[in-house]
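This report describes one protein chain, its domains and the spaces inside and between them. Look at the structure first, then read on.

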Amino acid sequence: MRVYLDHNATTPVDEAVAAVMSEALLDLFGNPSSVHSFGQATKGAVDEARQAVAALLGARPQEIVFTSGGTESDNLAIRGVTEAQAQGKRHHIVTTAIEHEAVLHTVKALTKRGWTATILPVGQTGVVEPEALESAITDDTALVSIMHANNEIGTIQPIARLAAIARRSGALFHTDAVQSVGKIRADVTDLGIDLLSMSSHKFNGPKGVGALWIRRGSRLVPTTTGGRQERNRRAGTENVPGIVGLGVAARLARERLDTEGKRLATLRDRLEMGILNTVPRTLVNGDSTHRIPNTTNISFDRVEAESLLIALDLEGIAVSTGSACSSGTLEPSHVLRAMGLSAHRSQNAIRFSLGLGNTSDEVDRVVDVMPRVVDKLRRISSASSGRSRLQSVVGG
Ligand code: PLP
């Protein structure tokens, strides 16, 4: 049995999505900007997808801009809003220490061009305190960008409260909702925000397509220039099969949001409790109440996460670490470090993220395998640390 528990990285495409996409690829080849019937048929399909995405977000279809995914949506939001402000009075951006690199690196790039940025800290469970935003925000703040749900720990931020603070000071509020859209309700009116990024491949749609929702009236300068597509907000001929696939994925996600959310939360809790009860010295990272239903992040004392990931892969179980391996050194996750966790606990963290195809049999299989695999790695690690202690005593 092979078990895929890495749905926050990406999800398999739904069969219904693939079927509609392959039809679109063959039949909807007209350019949606063309006036003739071939073009208009394609335009109709793109508009239908726009309506489905808008319905998922409780938004108006005209406010949806299709992009190449979450990264581009984040870039368009942050660069587009700040560019529109460039002639204005405001020069300050606020974001948080636990954002995805698509936000963090974009903000960093802007600081090299004269913008100032405040990176808000988070508490031990990864939640941003509204008071922290309250004291960081000034009359100079143009944009606040805070993610809806975190990709590593699943923690959900109090977006409505945070956005209200931004609104009071006249700043726009962007949320990276790549990990929440399709998993929990992400209604733009309830959230009270101005811009929202989403990505199709996180909820059983195709890769390389996503959307930015822009509240009507928000000023934004496009980051790609060219044709007049997407109401002048994103130039370039549309990725029609991708957009059509995203539309179907959005419709399906909306239909099953409640039932699937409950099912996944039950499975996730069964997995989490199963691991905590059978594997000693394990700790859950993040906020255990305010989190998306499919995610748990667990630290295994004295087990290097990369070794555990590989050992589980050999058992046919796919998970992920919070760590990025850069230039041969293991960098502890910036998210877990920002929460104040020790380097040790951060380096021992594994993310389990469930999705549509997962079953209770699969969860039971993982719970069954875990104690044996962890115990073996701990024995290897204590044998090797025993050896290195001996080496340092005898000068080896
Ligand atoms: N933002 C978050 C929170 C993510 O988890 C990801 C992907 O992992 C992205 C942005 C980037 O999205 P995409 O892969 O569609 O560019």
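How far apart do the C-alpha centres of domain 1 and domain 2 lie? The model is a predicted one, and in it these two centres are 29 Å apart.

**The two domains**

The domain assignment divides the protein chain into domain 1, made of 3–7 + 257–385, and domain 2, made of 15–253. To their contact, domain 1 gives 21 residues and domain 2 gives 28 residues. The size of an interface is often given as the accessible area lost when the parts come together. Between domain 1 and domain 2, an area of about 2000 Å² is buried, and 58% of it comes from carbon and sulfur atoms.

**Salt bridges**

Side chains of opposite charge can pair when their charged atoms come close. How many salt bridges does the rule find across the interface of domain 1 and domain 2? The number there is 0, whereas the search of the whole structure finds 21 salt bridges. One of the pairs is formed by the side chains of Arg 256 and Asp 14, with 2.6 Å from N to O. Arg 256 belongs to helix H9 (residues 240–278) and Asp 14 to the loop between strand E1 (3–4) and helix H1 (15–27), so this salt bridge ties together parts that are 242 residues apart in sequence.

**Cavities**

The whole structure holds 2 cavities of 30 Å³ or more. The largest cavity contains about 210 Å³ of space. Its lining has 20 residues, and those nearest the centre of this cavity are Gly 182, Lys 183, Asn 204, Glu 260 and Leu 264. Why does the largest cavity lie between domain 1 and domain 2? Both domains give residues to the lining of the largest cavity, so it lies between them.

The second largest cavity has a volume of about 60 Å³. Among the residues that line the second largest cavity are Phe 66, Val 209, Arg 234, Asn 239 and Ile 243. Glu 230 also lines this cavity.

**The second largest pocket**

In the second largest pocket there is about 300 Å³ of space. The lining of this pocket consists of 13 residues, with Lys 43, Asp 47, Arg 50, Glu 230 and Arg 231 nearest the centre. Helix H2 (37–57) and helix H8 (229–232) are the elements that each give two or more residues to this lining. H2 supplies the largest share, 4 residues. Glu 230 therefore appears twice in this account: it lines the second largest cavity and lies among the residues nearest the centre of the second largest pocket.

**Linings by class**

The table sorts the lining residues of each space by class.

| Space | Nonpolar | Polar | Charged |
|---|---|---|---|
| Largest cavity | 9 residues | 7 residues | 4 residues |
| Second largest cavity | 3 residues | 4 residues | 3 residues |
| Second largest pocket | 3 residues | 3 residues | 7 residues |

Terms used
Residues numbered from 1 in each chain as written. Predicted model: local features only at pLDDT ≥ 70, side-chain atom pairs only at ≥ 80, totals over all residues. Heavy atoms only, no water. 1 Å grid on protein atoms, 1.4 Å probe; cavity = no way out; pocket = protein on both sides within 12 Å on 5 of 7 lines; lining within 4 Å. Points joined across faces, edges and corners; volume = space filled by probe spheres on them. Nonpolar A, V, L, I, M, F, W, Y, C, P; charged D, E, K, R; others polar. Domains from an automatic or database assignment. Contact = heavy atoms within 4.5 Å. Buried area = accessible area lost by both parts, 1.4 Å probe. Salt bridge = Lys/Arg side-chain N within 4 Å of Asp/Glu carboxyl O.
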